[in-house]
Amino acid sequence: MKDFLRKLELPAFIKDSRLTASIFIVLALSLLGAIIGFIISPLYGIAMLLLFLLTCIFAVYGTYVLANNANNYAANLSYRIKRGEQEAMIKMPLGILLYDKDEQIQWVNPYLQLYLKNKDLIGSSIKSVDPELYEYIQDAITDKTIQSKVIDLANHKFQMIVQDDLGVVYLLDVTKYANIEQKYKEQRLAIGLIFIDNYDELSQSMSDENLTDMSSYVQKALNAYVKQFHAYLKRIDEDHFILLTHMADLKKMEEDKFSILDKVRKDSSRRNTPLTLSVGIAFGSESLNEIAKQAQSNLDLALGRGGDQVVVRQPGENARFYGGKSNPMEKRTRVRARMVSQAVEELFKGVDHVFVQGHRNPDLDAIGSAIGIVKIAKIHGVDAHVVLDTGDVNYDVGRLLAKMKDAGVDKDMFMTPAEALNKATDDSLLVLTDHSKLSITYSQDVYERLKSRLIIIDHHRRGEEFPENPMLVYIEPYASSTCELVTEMIEYQPQGGEGVLNNLEASAMLAGITVDSKEFSLRTGTRTFDAASYLRSIGANSEVVAELLKENINNYLQRSHLVSTIEMMNSTMALLTGEDDKIYDSVIVAQAADTALSLEDVEASFAIARRSKDEVGISARSTGKINVQIIMEKLGGGGHLSNAAAQLKDVSVEDAKNQLLKAINEYSAENE
């Protein structure tokens, strides 16, 4: 019986052992009934036998009928599936392309043929039919992945999968869904915070009528601007506004480069009430609370960079800057200086040690301001040191250290980074002077040890690279130098600053102001001269300052050599370049850039020279018409609108020059 069933062309479900067993059981019961029938009565037995035979015939016939129907159903289903596949390949929005090893087309389905717009494709190379599609396919093959990617082709969006081993390309039209995604992205919410930079200072000297006129002007100007871009603006107090807009409209504002900044600055200047705006805009998070926090952080960054600019950034991404074309304006009040001085005094309480460090290759401004902070700490009974390796310093700082040693004062003021690490505890405090970037700090090990207990005092514009959660930040880009800021802090000490600095230390701080202000010719305001006057009153000696700033003959010759390499990149920008195999002192490079800027028709100068075996430095200077800070930020540096720098690792001087030229071209394109 088993051999008989094997010969039958039966579907798998009929060959199932459970169905076969059921049939055998029915037949066995029928046969058993016939046998019992013969025992009871021959006539009854014959009837039961006939019933058994009929059951056998019905079982065999039924099996054949069922098998035939099942085979027909399977054949019909298989045909329909194959026909459906063929119809799908032809009619569904799915493009299929087969190609050979020579990248020639072997077959395309009719749907894809519509987009390729070429009647005779078979035998043609993919590149000749559609170069754009060919590039997409090559990129997918190079990536060695069959993961889908969305491409643009013939004004449509396609999800493409390439199976190079089979020579097949699948293109699924996802234009509808891509448009929905694009619309979703365009309608995501962005939050902006707008701040009138110097509203408080102007309001103190204006009449109520003029103040109302000024406030009304700003409101109308902002309302008119946001109306162009279908945004929402709400004033939340006298000098703060909140802005709500969609991403599509924010993109248009960025393309416009936030022209409202220039309009408000120019119009208010004509009214003799010079106003500037700072704006922080954030987007990109599902949480509105996170977007609002990021917007406030962006506004803080804009203010820290001197104001009059817009910072656009989403959480975790790089910021985009707009504006910042004007020099930051000097504040008309010393309130903040007094508040910071008092805050520093409070922070010094309960501290076992204060460490102060400037930037790498510290100049007189970094060292002078660090000395000032150490002296403030000491008058409050706190042990304090400047983190500095006195055996490896610039010539001007070395001259100061030699004078301090000869005078026999403050012998223990300086401490090497290794010594500072040994002395540092969880109750110690670190103060960064003349910088706020981790990448250029004097000792990164000391920073890492005390980064949770940090104070920042700086006069450079705040950049993207900024320590997280410092205890106190005092950044005033309007100031000439950090020494100016620290001098004001000393003035507001309880005893009025008397006895805080000796004559040599006061001279060192005055030298720091002199260096960074280029002998009081750049970024100087009334408070710069006030600070210098105060230092003179407590013993600063102008002759000592002049001696500290003297240039030795070798340095003068090196600077002159750098200046002799001058070449004009255009009618207003000068470039100085040192030799790749020669190391220059950073001060000399900066002085060379200053010298070039003093020449006729030069509005910006850039000096490039090697500072160590693995680092090339760029010093940038401008008269203020060109924002060299933005150019240096493109290279990872920073600084002021008119005074900035960058350091490039593991590059040649020629490579640095090419990177600089690229950054200048980008800046020029952005400001056309």
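Which helix gives the most to the nonpolar patch? I began with this point, bearing in mind that the model is predicted.

**Entry 1: the nonpolar patch**

I found that helix α2, which covers residues 17-40, gives the most to the patch, with 8 residues. I noted a patch area of about 910 Å² on the surface. I listed its members as I25, L29, L31, L32, I35, I36, I39, I40 and Y44.

I then looked up one of these residues, I39, and placed I39 in helix α2. I recorded a relative accessibility of 68% for I39; exposed means over 50%, so I39 counts as exposed.

**Entry 2: aromatic pairs**

I turned next to the aromatic rings. A pair of aromatic rings is described by the distance of the centres and the angle of the planes. I obtained a count of 3 aromatic pairs. For Y225 and F229, I noted ring centres 5.0 Å apart and planes at 55°, so I entered this pair as tilted. Are these two residues buried or exposed? I found Y225 buried, with a relative accessible area of 6%, and F229 buried as well, at 8% relative accessibility.

I also examined F258 and Y322, whose ring centres lie 5.3 Å apart with the planes at 55°, so this pair is tilted. Where do its two members lie? I located F258 in the loop between α10 (247-255) and α11 (260-270), and Y322 in strand β11 (residues 320-323). The pair therefore ties together parts that are 64 residues apart in sequence. I recorded both F258 and Y322 as buried.

Definitions and conventions
Residues numbered from 1 in each chain as written. Predicted model: local features only at pLDDT ≥ 70, side-chain atom pairs only at ≥ 80, totals over all residues. Heavy atoms only, no water. Patch = residues over 30% accessible without salt bridge, like charges linked within 9 Å, V, L, I, M, F, W, Y side chains within 5 Å. Areas by Shrake-Rupley, 256 points an atom, 1.4 Å probe, with all protein chains shown as cover. Salt bridge = Lys/Arg side-chain N within 4 Å of Asp/Glu carboxyl O. Helix = DSSP H or I, 4+ residues; strand = E, 2+ residues; numbered from the N terminus. Buried < 20%, exposed > 50% of the residue type's maximum accessible area, 1.4 Å probe, protein only. Phe/Tyr/Trp six-rings, centres within 6.5 Å; stacked < 30°, edge-to-face > 60°.
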